[in-house]
Amino acid sequence: MLVTNATLPWLDAADSSAGAAGSPVSPGSVDLRVVDGVFAAIGPSLPREPGEEVLDAGGRLVLPPFVESHIHLDSVLTAGQPEPNRSGTLFEGIERWAQRKAFLTVADVKERVHRVVRQQAGFGVQFVRTHVDVTDPALTALTALLELREELAEWVTIQIVAFPQEGICSFPDGRALMERAADLGVDALGAIPHFEFTREYAVESLNFVCALAADRGLLVDVHCDEIDDEASRGLETLAARAYELGLGPRVTASHTTAMHSYNNAYFTRLLRLLTLSGMNFVANPVVNTHLQGRIDSYPKRRGVTRVKELSEAGVNVSFGTDDIVDPWNPLGTGNLRDVVHTGLYVTQLLGHQEITDSYRFVTTNAARTLHLGDGYGLEVGRPASFVLLDAGSWYEALNWNAPVLASYRRGRLVARTEPVHREVLF
Ligand SMILES: [Zn+2]
């Protein structure tokens, strides 16, 4: 297949700049040749070969597939079951989920997740990192997700994080459950230091998880300091372990909303360690603006981590959806455009170049977090996975919520949308 007249943002594999600030985008119309599911050539005006199928992009934007770097698939579509989260806080969400968790079945989880993964596919998402609650002696949700990871592998890459929603040191047999999850074949290990009973448990849980991940060769993705408490400092421990154990970019800190409330002197000192560690960050700007600041009067904190400062320091940051119609978010579709759109406002990243570069939060930066390596990207020799948007640039796609007209995975069409036709009658 030959994709002609595609507009590409400039994607330099050697470019390590994170997110919004940094390198320029050089749009230009190019062709992409796909042979046996791999990009065989990318360049201007490639000669058409006899009998070759042609997809004329008509100057529209082609991006690598969207990457969902943080979601909880096990809880999707459970909002209000058995009761809604009335306070809108993270902690009531955990209580509501514990009620719903009591009657999970493998079939129930699989049915809901399957629906949402297909929804995401329609928005051009082909890679998903999901956290799965393992504070369940039966590991029901994990069983379901492990099955789906295999069953859906040709359509979507699912990465599973063993997520101890109710703690590791503060939950009965928490450590053993994490070890069982590792035995069962998860991709990454999580932790939740701000939910542990004590600061000591928080530190202990992070030490435990980093050591286990190093031992088993797993990635780490911690729900880290998702609270408005400026004294919540699990991040420094996580970063220190990432640095000392040499785990570096294999470690991700998700949420880190307490960083929003850190004093600048502490943050400035911390930033040195974060940079040294080489770890990644995931912000969930939609859900955290909903969950955080709930017990503030006024002014109310936005509760989103310092995306701008981290990005400017060269730290890799991506954006995630976190939740779809569950105890932590009553809304959500899985369209990562919405996450970027809100995220740019909340983090005040609305300079022209920042907007232009912001596709990276849900593509290349997220791919780095997931360690997709050579399995991702618009480059010759890599799998021919890409999305075609109904817009001439990311700026336009973002502003107009342009649909993903086609999503190809290893050269195969996995989802398509008809362009919207709108008439104004005056
Ligand atoms: Zn989360």
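Which elements are included in what covers the buried residues of α10? In this predicted model, in which local features need pLDDT of at least 70, side-chain atom pairs count only at pLDDT 80 or more, and totals for chains, interfaces and linings use all residues, the cover of α10 includes β6, β7 (125-133), α8 (285-291), β13, α11 (352-357) and α13 (394-400), contact being defined as heavy atoms within 4.5 Å. Residues are numbered from 1 along each chain as its sequence is written, and side-chain values use heavy atoms, with hydrogens and water left out.

Helices (H or I, at least four residues) and strands (E, at least two) are DSSP runs numbered from the N terminus. The residues of α10 that are buried (under 20% relative accessible area with a 1.4 Å probe, protein chains only; exposed is over 50%, and partly exposed lies in between) are Leu-336, Arg-337, Val-339, Val-340, Gly-343, Leu-344 and Val-346. At the start of α10, a side-chain oxygen of Asn-335 comes to within 3.1 Å of the backbone nitrogen of Arg-337, and the helix is followed by Gln-348, which has a positive phi near 55 degrees.

The zinc ion is coordinated at 2.2 to 2.6 Å by NE2 of His-70, His-72, His-223 and His-255 and by OD of Asp-322, where donors are N, O and S atoms within 2.8 Å of the metal (3.2 Å for Na, K and Ca) and, water not being among the atoms, sites may look incomplete. Along the chain these donors follow the spacing H-x1-H-x150-H-x31-H-x66-D. Distant parts of the chain are thereby linked, with His-70 in strand β6 (residues 66-71) and Asp-322 in the loop between β13 (316-319) and α10 (336-346), 252 residues apart; both His-70 and Asp-322 are buried.

Strands are taken to pair if DSSP finds at least two bridges between them. An open sheet of four strands has the order β5-β14-β15-β16 with antiparallel pairing, and its edge strands, β5 (62-63) and β16 (412-416), each pair on one side only. Within this sheet, β14 (residues 386-389) and β15 (residues 404-409) are joined by four bridges, Leu-389 having Val-404 as its bridge partner.

The domain assignment, which comes from an automatic or database source, gives domain 1 (2-64 + 377-416) and domain 2 (66-374). The C-alpha centres of the two domains lie 29 Å apart, and their contact takes 37 residues from domain 1 and 41 residues from domain 2. Between them the domains bury about 3000 Å², 54% of it on carbon and sulfur atoms, buried area being the accessible area (1.4 Å probe) that two parts lose on being put together, summed over both.

Key:
A polar contact is a pair of N or O atoms within 3.5 Å; within protein, one must be able to donate a hydrogen and the other to accept it, and residues adjacent in sequence count only if both atoms are side-chain atoms.
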